[in-house]
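Biologist: I am new to reading protein structures, and I would like to take a close look at a single part rather than skim over everything. Could you choose one helix, go through it with care, and then place it among its surroundings?

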Amino acid sequence: MLSLAPARAEPPHITAKLVAESPAPTPGGTTSLSLTMTPERGWHGYWTNGGDAGFGLSVEWNAPEGVTVSPFRYPVPEPLILFGMMNHVYEHPYALLADVKVDKSVAPGTDLTLTGIANWLACTDKVCVPEKAVISVALKAGDGQIAPATRTQFDAWRARLPQPLDRAGKWERKGDRVRFAIPLPVGTTLDAPHLFLETQNIVDYPAAQGFSRNGDWIIVETAAKGDAAGRAEGLLKLGDGRGLTVHFEPGAVPAKGEPVASAAGAPDLRLFWTALGGAILGGLILNLMPCVFPILSLKALSLARSGGDARAAKVEALAYTGGAVLTALLLGGALLALRAGGEQVGWAFQLQHPVSVLALMILAIAITMNLLGSYELPAFGGGQALTEKSGAAGGFWTGALAAFAATPCSGPLLGAALGATLVLPAWAALPIFGGLGLGLALPFLAIGFVPALRNRLPKPGPWMARFRKWMALPMGLTALALGWLLWRQVGSGSPIVWPLVAIAMTVVLLAHYGSIQRGDRRAWLLYTAGLLFVVSLAGTVSDVAQAERQADGAGSTFSPAALAEARKSGKPVFVYFTADWCLSCKANEAGAINREAVQAAFEAKGVVTLVGDWTNGDPVITRTLAEHGRNSVPLYLWYAPGAAEPEILPQILTPGLLTEKAGG
């Protein structure tokens, strides 16, 4: 007898899971969704245009009233040729992202559970299977809170999305060939590039693609197929999961230029040397910035104390240079490593964290008290023998401190130089960070190795004691500025308590250490203050590290949605990105943006101002900076009515420039 077993549904070969960045989206706000797709070994999914044989994912949503879901955005795919057909695929786990907008009329607490039926194609190199699944995520209208771990995961997924190119490309047919021109600055690294066309019926997908460079244009040539016309959409794969979305308008394409290798190639040397020179010159200019001046006062004391000793001056100058260069390299390496791991960070990222600011503030307080004579360090007293022993070490750590403190003072030349590290490979980007440290140390290298300069230094004498106390003033002001920044980052509530205890214990600890140096035998006070200091630091790390602050400034808070809404108004839009630790930002705000004449001109012309505050870090702002070739602030964008792209304003603003823009 034939037995019939009940039919069983086969599990999908690609597992789909819907995740919300915030389970409690705010009425009138937006949250992000991720549809994670996990293929079985040997299986793959498809990009929105699957190529010759595949197709992307579609979802039939069952959305509650007042909820709107945008189309999914795809990460950068890979080309895969099977049986002579080109496929645009993902052979590893990937995530699609979409935005969910909740209408402001939705009442808080409303159940907004979202469901849908997703359809996609799963394939191996031999078989394809259409698959579907019911996807859902529980949502309830609320306060929009996002768990830190969830934010980190979504930032990693966003880092895999292609970045939008800020200018349109061109395309044209010539006989059986089709040619594309992509505006891409010289020096952008292309590692096994490939152009994916979202618009169908333009190219023969499996045909070879030829890449060449003509100035700031990448020229792509391949075989034509189909008769599509008009605007086209595409995605340029740069390499290593990086890509750029670009839209093409019909038009004449420049002539073919220098061939671009389709395998890993060297970065453009012109960009590298230009960026390196800019970093060195920018580092040199940093010596004039207020955030570095107090550190330079320490070197002035040290160099004057050397009394013209050529060998000691050279050793200390080299040590100072080593400290500055190594610190800049470490900060740059950390930045590149975090970006490679999917984090959205930029230059001076360490000052976006309250714990780091507190550590720098404690160091500034310690140096201030030392300069005032509250306690002694071998580097500033104790005889010639101690000076000789500690000269190299003192120089090294002073250089390291100068480089660390200089990061928020990105000068006019540093924005473009450090922005080049976004498109250069890591091994080429690191020397640019080192160039910043070298530029910072150049004055002391010159003094150490040029006797004529060294001989102009004042001779040691009683004046040094008075000079030392006067130099406590700028360092004390630096400590106060860092305290203001810390307060701005964590607010005036309970999170500020532990940092205040840590600061107080620093003062007590160092003051009593000085008393012991002068003969006080109450060592138990030192141990008690030290214990309280450690406890307060532990409390700071646990209580303050997660503190966040909302931006305030002469305008509304920046977001992509706010920018889109402002541009729809048909009025000029001024967007500026700032941070409380960025002194050049604050100087521009006080000296230009917030001037009464400028604000009056803006009001008269209806200029919409948006403020992007990067003080505590913000992945959205970091991505926006990167889209405009920057990884530091300040950045000033001016959107004229009807203009397709913004004008990037200089990093040093004047009232006349802004009033002229408003009147233009």
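Modeller: What follows is a close look at one helix, with the whole chain as a frame and a sheet and a disulfide as companions.

Please keep in mind from the start that this is a predicted model. The protein chain has 664 residues, of which 48% count as buried, and its secondary structure comes to 18 helices and 24 strands. Among contacts between residues at least 6 apart in sequence, 77% join residues that are at least 24 apart. The accessible surface of the chain comes to about 30700 Å², and carbon and sulfur atoms account for 61% of that area.

The helix I have chosen is H16, which covers residues 596–605, and in this helix Val-598, Ala-601 and Phe-602 are buried. When you look down the axis of H16, these buried residues fall within an arc of 100°, so they line one face of the helix. On the face turned away from that buried side, H16 carries the exposed residues Glu-596, Ala-597, Glu-603 and Ala-604. To count as buried, a residue must have under 20% relative accessible area, whereas an exposed one must have over 50%. After H16 comes Gly-606, which has a positive phi, near 70°.

From the helix we can turn to a sheet. This open sheet has five strands in the order S20-S22-S21-S23-S24, and its pairing is mixed. At its edges are strand S20 (556–557) and strand S24 (647–648), each of which pairs on one side only. Strand S23, which spans residues 635–639, pairs with S24 in the antiparallel sense over two bridges, and Trp-638 stands opposite Glu-647 of S24.

The last feature is a covalent link, for a search of the whole structure finds one disulfide. The disulfide is formed by Cys-123 and Cys-128, whose sulfur atoms are 2.0 Å apart, and with 115° about the S-S bond the link is right-handed. For its two cysteines the accessibility values can be read with the cut-offs used for the helix: Cys-123 counts as buried because its relative accessibility is 0%, while Cys-128, with a relative accessible area of 41%, is partly exposed.

How values were computed. Residues are numbered from 1 along each chain as its sequence is written. This is a predicted model: local features need pLDDT of at least 70, side-chain atom pairs count only at pLDDT 80 or more; totals for chains, interfaces and linings use all residues. Side-chain values use heavy atoms; hydrogens and water are left out. Helices (H or I, at least four residues) and strands (E, at least two) are DSSP runs, numbered from the N terminus. Buried means under 20% relative accessible area, exposed over 50%, partly exposed in between (1.4 Å probe, protein chains only). Contact means heavy atoms within 4.5 Å. Accessible areas come from the Shrake-Rupley method with a 1.4 Å probe; for residues, only the protein chains shown count as cover. The arc is that of the directions from the helix axis to the C-beta atoms. Two strands pair if DSSP finds at least two bridges between them. A disulfide is a pair of cysteine sulfur atoms within 2.5 Å.
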